[in-house]
Amino acid sequence: MITPKRIWLADLTYTQQSLASDVVPAAIGGLAEIVKKTLGMESKVFKLPENLLGAIEVEQPDIIGFSNYVWNATLSLTIASLIKAKFPNITIVMGGPNIPSVSADLEYFLNENRQIDFAVIKEGEIGLINIIKLLINGFERDSIVTAPLDFSTDGFSYLGEGDIFYEGKLARFMNLEELPSPYLSGRMDEFLDGRFMPVIQTNRGCPFTCTFCTEGQSYWSKVRKKPIEVLQAEVKYIAKIMGSDSEKRKDLLIADSNFGMYDPDQEVARTLRDTQETYGWPTYINVATGKNKKEKVLETARIVNGAMNLAGSVQSLDEKVLINIKRDNISPDALLDMALLAAEIGTNTYSEVILALPGETKVSHFSTLKKLVDAGFTMLAMYQMMLLPATEMNSADTRDKYGFVTRFRLLPRCYGVYKFFGEEFTSAEIEEIVVSHKEMSLDDYLECRIMHFFITTFYNDGVFLEFHRLLQQIGGSSYEWIEAMHGAYKGTEVEEFVSEFVSDTLGELYEDRITLENHTKSTNFLNRAILGEIGNNVLYFHKGRSLTKYLEGTMLLAQETLLEYLQAKKLLTPALKLIIADMFKIRVAQLENIFNLEIHTKAVLNFPEQSIPILDLLFKGKDIDLLQLSAAQPEERMINFSLSDSQLEELISFNKLFGNSDMGISRILSRVYLRNFFRKSIVNTENGQTSYIPGSQFGFRES
């Protein structure tokens, strides 16, 4: 070891398909700030691996600290190994949620990754500062720490020569008021360039004990809050930079586990409302809202004008499953109420569900999906159960107790081929997911995945929102309609892309990690992944194809099954049949080749003066007059559709980031509310031209 003078900190992301983690590296920026404040030492911050690899060819630091997350663990370990082999005197420090916290697992991890000199467990500030202090004093890893430290805990561990394994005590930074802001110092300015999404964190910790989450451990149970004055200053600082350029992205990530549950969150929300009015930023807030205290959460969402979606993340609504995952201290009824109450303030809601949780069956999983759809959540985020390192769910005892059968797959977008001193190397992240257990077979798992695909395509993102609200108004069930499509797709064009979805779902799974790891050592294999041939997010990839390549077949299945369902329920009238036909014609015109920015579309409508306003009324949740509709006479007219200037501007921005290939479209769909890009209809009237925005939160607008 050498006395440290040059300190580099890296929160790396894969870059070759797109930015896998397109978030400003504020966490390691904060580490750089506390090192400067405490020790008076400057640090360099890196996000892109190309920048780090290029920099180290020119000069070498004394310490490099790497983050270790699900999306960059292998990348960090691989680059750290290459650096250590060429520059053995560089001290490698690694920290993050993927670092094991159980003693035996930690020792094994360090033994398998000898390039790591020190591991920092959980929070990073205390451990990193103590490591630097020890090195300044000439400490070597072949001895045991005996020097007194300024903190009562050391916060780091290491594996030395021989049999030395030093396991430090876990440390938490007790007073977040002492943490300087990486934004207010200007350190993050280089990352506020429009490519990266700004991120803030108002507090650390989570009071819940979910076994599948890294924050479910007792270490995180005490929630510590940042000073409201600092948070407000950060929001204003970011808004001024991001809002000053129309081409920069307008979203924000709040990296809290339960935003809105605490009083200071509403103060942050008020500041965000002020920056929305002053700078036009942020227009969208990506956040996990609180699981309890729904009144406070709703008030927080109301303040920011619906810019954030409200989360009702139930994971499952089966009582036995909730007990198995230690989630019985969260009220599922309160989360379901969130969808109903959110409609009153005009904001969107989403619920998260995890497939193959311990004790879950196909029947109970479908029951959860039905309750969530019927509750009116805007979107369902349906995940597979990933076994995260350092979680109770990933323990040997839990695996054995529930009989988990797992498979391995590439983590979408997290792979690449890079060069170090002219030599190519590969890297890819692999996740382990549960595909069956004692109460769910592999066939059940596949049936659940197909239902996920139907909900993703025909329910999420508001593509069919007005149709679902029409059903709600006349006494039908959205979930029953989706079930009808699920039961009728075979023999239609939809069967083709559902079969492709199932094939890709199975094709991405490997029975053992080693086989997949060996594949990822091949540049040809990873280049196929980068081109989008393998390793996709199959839900979003095939949803994108359903709304582009297979749009006609998708809409035909939806229309035919809706009419059959309404007929069977005795809810269909001749006029309603014509209006539904108009609604589908409008939706096709709004969506056809939507990512081809030059295309304008047309539709011949039966009730041009009623169909477009009806869509708008249904979007707003207002009733339509079915009796008046029955008395109306059809009058065919051609309607033109085109994108507005603001829609074009935003789509161009996303196309620059992700491209308009199938893979690029799937990436965009995972980031945006698609209906915001529906083409607007242009209707000629006696007084000139009126531009409507059917089914949009902006309602009608005259040109």
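**Briefing: backbone, helices, pocket and cavities**

Pro282 sits in the loop between helix α7 (263–279) and strand β12 (284–289). That loop makes a good place to start, since the peptide bond from Trp281 to Pro282 is cis, with omega near 0 degrees. Please keep in mind that you are looking at a predicted model. The points below go from the backbone to a pair of helices, and then on to the open and enclosed spaces.

**Backbone geometry**

- As background, most peptide bonds are trans, and most residues other than glycine have a negative phi.
- The bond that leads from Trp281 into Pro282 is cis.
- Asp461 is not a glycine, yet its phi is positive, near 65 degrees.
- You will find Asp461 in the loop between α13 (442–458) and α14.
- Asp461 counts as buried because its relative accessibility is 3%, and the cut-off for buried is under 20%.
- Lys570 is another residue other than glycine with a positive phi, here about 60 degrees.
- The loop that holds Lys570 runs between α20 (551–568) and α21 (574–591).
- Lys570 has a relative accessibility of 75%, so it counts as exposed; the cut-off for exposed is over 50%.

**Helices α14 and α15**

- Helix α14 covers residues 465–474 and helix α15 covers residues 478–488.
- Their axes come within 9 Å and cross at roughly 120 degrees.
- The two helices are therefore oblique to each other, as the angle falls outside the 65 to 115 degrees that count as roughly perpendicular and is not over 145.
- On the α14 side, the contact is made by Phe467, His468 and Leu471.
- On the α15 side, Ser478, Trp481 and Ile482 take part.
- Sorted by class, this contact has four nonpolar residues, two polar residues and no charged ones.
- Gln472 also lies in α14.
- With 58% relative accessibility, Gln472 counts as exposed.
- If you would like a sense of distance, Gln472 and Thr209 are 36 Å apart in space, C-alpha to C-alpha, and 263 residues apart in sequence.

**The second largest pocket**

- The second largest pocket holds about 1,400 Å³ of space.
- It is lined by 38 residues, and the closest to its centre are Leu77, Asn98, Phe109, Pro389 and Arg513.
- Four elements each give at least two residues to this lining: α3 (73–86), α4 (103–112), β17 (423–436) and α17 (513–520).
- Strand β17 supplies the largest share of the lining, with seven residues.
- By class, the lining of this pocket has 15 nonpolar, 13 polar and 10 charged residues.

**Enclosed cavities**

- The model has three cavities of 30 Å³ or more.
- In the largest cavity there is about 70 Å³ of space.
- Of the 12 residues that line the largest cavity, Pro412, Arg413, Asn537, Met663 and Ser666 are the closest to its centre.
- Strand β16 (405–420) and helix α25 (662–669) are the elements that give two or more residues to the lining of the largest cavity.
- That lining divides into six polar, four nonpolar and two charged residues.

Key. Residues numbered from 1 in each chain as written. Predicted model: local features only at pLDDT ≥ 70, side-chain atom pairs only at ≥ 80, totals over all residues. Heavy atoms only, no water. Axes fitted to C-alpha atoms, helices over the stretch in contact; angles between N-to-C directions. Parallel < 35°, antiparallel > 145°, perpendicular 65-115°, else oblique. Contact = heavy atoms within 4.5 Å. Nonpolar A, V, L, I, M, F, W, Y, C, P; charged D, E, K, R; others polar. Buried < 20%, exposed > 50% of the residue type's maximum accessible area, 1.4 Å probe, protein only. 1 Å grid on protein atoms, 1.4 Å probe; cavity = no way out; pocket = protein on both sides within 12 Å on 5 of 7 lines; lining within 4 Å. Points joined across faces, edges and corners; volume = space filled by probe spheres on them.
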